[in-house]
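Please look over the model below before reading on. My notes on it follow, point by point.

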Amino acid sequence: MKHNLLSLENERLFNSVEVELVRRWALGQVPDKFGNQPANLLKGFVETWWNLYHETECATSQKDRIIWQRFHELPALSLDTAGLVAALHHIRQLIVLETLQAFRPIEPVEDSALSGLDSLLRYFDRLNDSPS
């Protein structure tokens, strides 16, 4: 399967966010509602975001989806709080709900993952804006 450079960069983006969220979960640096859940919840969110991103891309180009798996072997970039906020915002921009909803309704698990993304964005935005 051939990947273009943008696709690989986006895979690395999702991998980096997943690694950083799990790292912060282990340190107790996530919103309370996620800290009391297993880290697999955050990993599942990232996987759902990945799927929604790819479905957005396929819907936009009107192509059948051919990529289902992420290459977790791609090295994750280290993200400070500002980098994590930027990465989460980028992921949110990659998922275009209006495009997806033109083809199918959003499933409850996907809606939950998107709500989780919005919660994480609010939390890390506040953390990033607070004085050190």
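The points below go from the whole fold to single helices and then to single residues.

1. **Status and fold.** This is a predicted model. The protein has six helices and zero strands. Reading along the sequence gives the pattern α-α-α-α-α-α.

2. **Overall size.** The C-alpha trace spans about 45 × 30 × 25 Å along its principal axes. The radius of gyration is 15 Å. A compact globule with 132 residues would come near 14 Å, so the value agrees with that expectation.

3. **Inside and outside.** How much of the protein counts as buried? Of its 132 residues, 40% do. The exposed area is about 7700 Å², and carbon and sulfur atoms supply 54% of it.

4. **Contacts along the chain.** Take the contacts with a sequence separation of 6 or more. Residues 24 or more positions apart account for 77% of them.

5. **Charges.** There are 13 positive and 18 negative side chains. The centres of the two sets lie 2 Å apart.

6. **Helix α3.** This helix covers residues 39-61. Its 23 residues should span 33 Å at 1.5 Å a residue. The end C-alpha atoms are 34 Å apart, so the span agrees. Just after α3 comes Gln 62, which takes a positive phi of about 55°.

7. **Helix α4.** Residues 81-94 form this helix, 14 residues in total. From first C-alpha to last, α4 reaches 20 Å, close to the 20 Å expected. Its buried residues are Thr 81, Leu 84, Val 85, Ala 87, Leu 88, Ile 91 and Leu 94.

8. **Helix α6.** Here 22 residues, 108-129, reach 31 Å from the first C-alpha to the last. That is close to the 32 Å expected at 1.5 Å a residue. Which residues of α6 are buried? They are Glu 110, Ala 113, Leu 114, Gly 116, Leu 117, Ser 119, Leu 120, Leu 121 and Phe 124. Note that Glu 110 and Ser 119 are on this list, along with several leucines.

9. **Asn 10.** This residue sits in helix α1, residues 5-26. Is Asn 10 buried or exposed? Its relative accessible area is 3%, under the 20% cut-off, so Asn 10 counts as buried. Leaving out residues up to four places away in sequence, Asn 10 touches Trp 50, Tyr 53, His 90 and Leu 94. Of these partners, Leu 94 is also among the buried residues of α4.

10. **Arg 12.** Helix α1 also holds Arg 12. Its relative accessible area is 28%, so Arg 12 is partly exposed. Arg 12 touches Leu 74, Pro 75 and Leu 77, again not counting residues up to four places away in sequence. Thr 48 is 36 residues from Arg 12 in sequence, and their C-alpha atoms are 16 Å apart.

11. **Val 19.** This is another residue of helix α1. With a relative accessible area of 48%, Val 19 is partly exposed. Val 19 and Leu 77 are 58 residues apart in sequence, yet their C-alpha atoms are 8.7 Å apart in space. Leu 77 is also one of the residues that Arg 12 touches.

12. **Phe 71.** Find this residue in the loop between α3 and α4. Why does Phe 71 count as partly exposed? Its relative accessibility is 36%, which lies between the 20% and 50% cut-offs, so that label applies. Phe 71 and Ala 86 are 15 residues apart along the chain, and 21 Å separates their C-alpha atoms.

Definitions and conventions. Residues are numbered from 1 along each chain as its sequence is written. This is a predicted model: local features need pLDDT of at least 70, side-chain atom pairs count only at pLDDT 80 or more; totals for chains, interfaces and linings use all residues. Side-chain values use heavy atoms; hydrogens and water are left out. Helices (H or I, at least four residues) and strands (E, at least two) are DSSP runs, numbered from the N terminus. The expected span of a helix is 1.5 Å times one less than its number of residues. Buried means under 20% relative accessible area, exposed over 50%, partly exposed in between (1.4 Å probe, protein chains only). Contact means heavy atoms within 4.5 Å. The radius of gyration is taken over C-alpha atoms; the globule rule is 2.2 Å times the number of residues to the power 0.38. Accessible areas come from the Shrake-Rupley method with a 1.4 Å probe; for residues, only the protein chains shown count as cover. Lys and Arg count as positive and Asp and Glu as negative; His and the chain ends are not counted. The place of a charge is taken as NZ of Lys, CZ of Arg, CG of Asp or CD of Glu.
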